[in-house]
Amino acid sequence: MVGTSLGAGLHRQIKRNPGLIPMIGFICLGMGSAALYLLRLALRSPDVCWDRKNNPEPWNRLSPNDQYKFLAVSTDYKKLKKDRPDF
């Protein structure tokens with residue numbers, strides 16, 4: 001079996017070189033955080049439209065005080081006023 005020999009080979013390498021443990025941990029942490037960020041973009045972003053029949057343009061339903069950016073450094077979304085028409 002390929003999976004068993006790959007796991008056994010990795011286990012042997014870790015036993016020989018224990019310095020690989022932090023590297024493997026950081027690689028797993030980076031891959032996991034990247035996957036979670038992509039999942040967040042797919043589910044929470046107004047640019048992504050999963051339901052085209054009921055909500056074809058989801059960006060029109062955002063109010064001006066909705067924060068849709070991941071990190072807003074200088075913008076306080078609570079103080080914004082609506083300056084666009086309703087569609």
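Leu 36 is exposed, because its relative accessible area is 58% and the threshold for that class is over 50%. The model in which this residue is seen is a predicted one. Leu 36 sits in helix α2, which covers residues 20-44.

Leu 36 also belongs to a nonpolar patch on the surface, together with Leu 39, Leu 43, Val 48 and Trp 50. The area of this patch is about 570 Å². Membership requires a relative accessible area of over 30%, a condition that Leu 36 meets with its 58%.

The annotation of this part of the chain may be considered next. In an unreviewed entry, UniProt lists residues 20-43 as "transmembrane region"; such an annotation may be inferred rather than shown by experiment. In the model, residues 20-43 are 100% helix and 0% strand. The C-alpha atoms at the two ends of that segment lie 35 Å apart.

The description can now be widened to the whole chain. Its secondary structure consists of 2 helices and 0 strands. Of its 87 residues, 5% count as buried, a class that is defined by a relative accessible area under 20%. The chain exposes about 8100 Å², and carbon and sulfur atoms supply 62% of that area. Where contacts are taken between residues at least 6 apart in sequence, 12% of them join residues at least 24 apart.

Methods. Residues are numbered from 1 along each chain as its sequence is written. This is a predicted model: local features need pLDDT of at least 70, side-chain atom pairs count only at pLDDT 80 or more; totals for chains, interfaces and linings use all residues. Side-chain values use heavy atoms; hydrogens and water are left out. Patches are made of residues with over 30% relative accessible area and no salt bridge: like charges are joined within 9 Å, nonpolar side chains (Val, Leu, Ile, Met, Phe, Trp, Tyr) within 5 Å. Accessible areas come from the Shrake-Rupley method with a 1.4 Å probe; for residues, only the protein chains shown count as cover. A salt bridge is a side-chain nitrogen of Lys or Arg within 4 Å of a carboxyl oxygen of Asp or Glu. Helices (H or I, at least four residues) and strands (E, at least two) are DSSP runs, numbered from the N terminus. Buried means under 20% relative accessible area, exposed over 50%, partly exposed in between (1.4 Å probe, protein chains only). Contact means heavy atoms within 4.5 Å.
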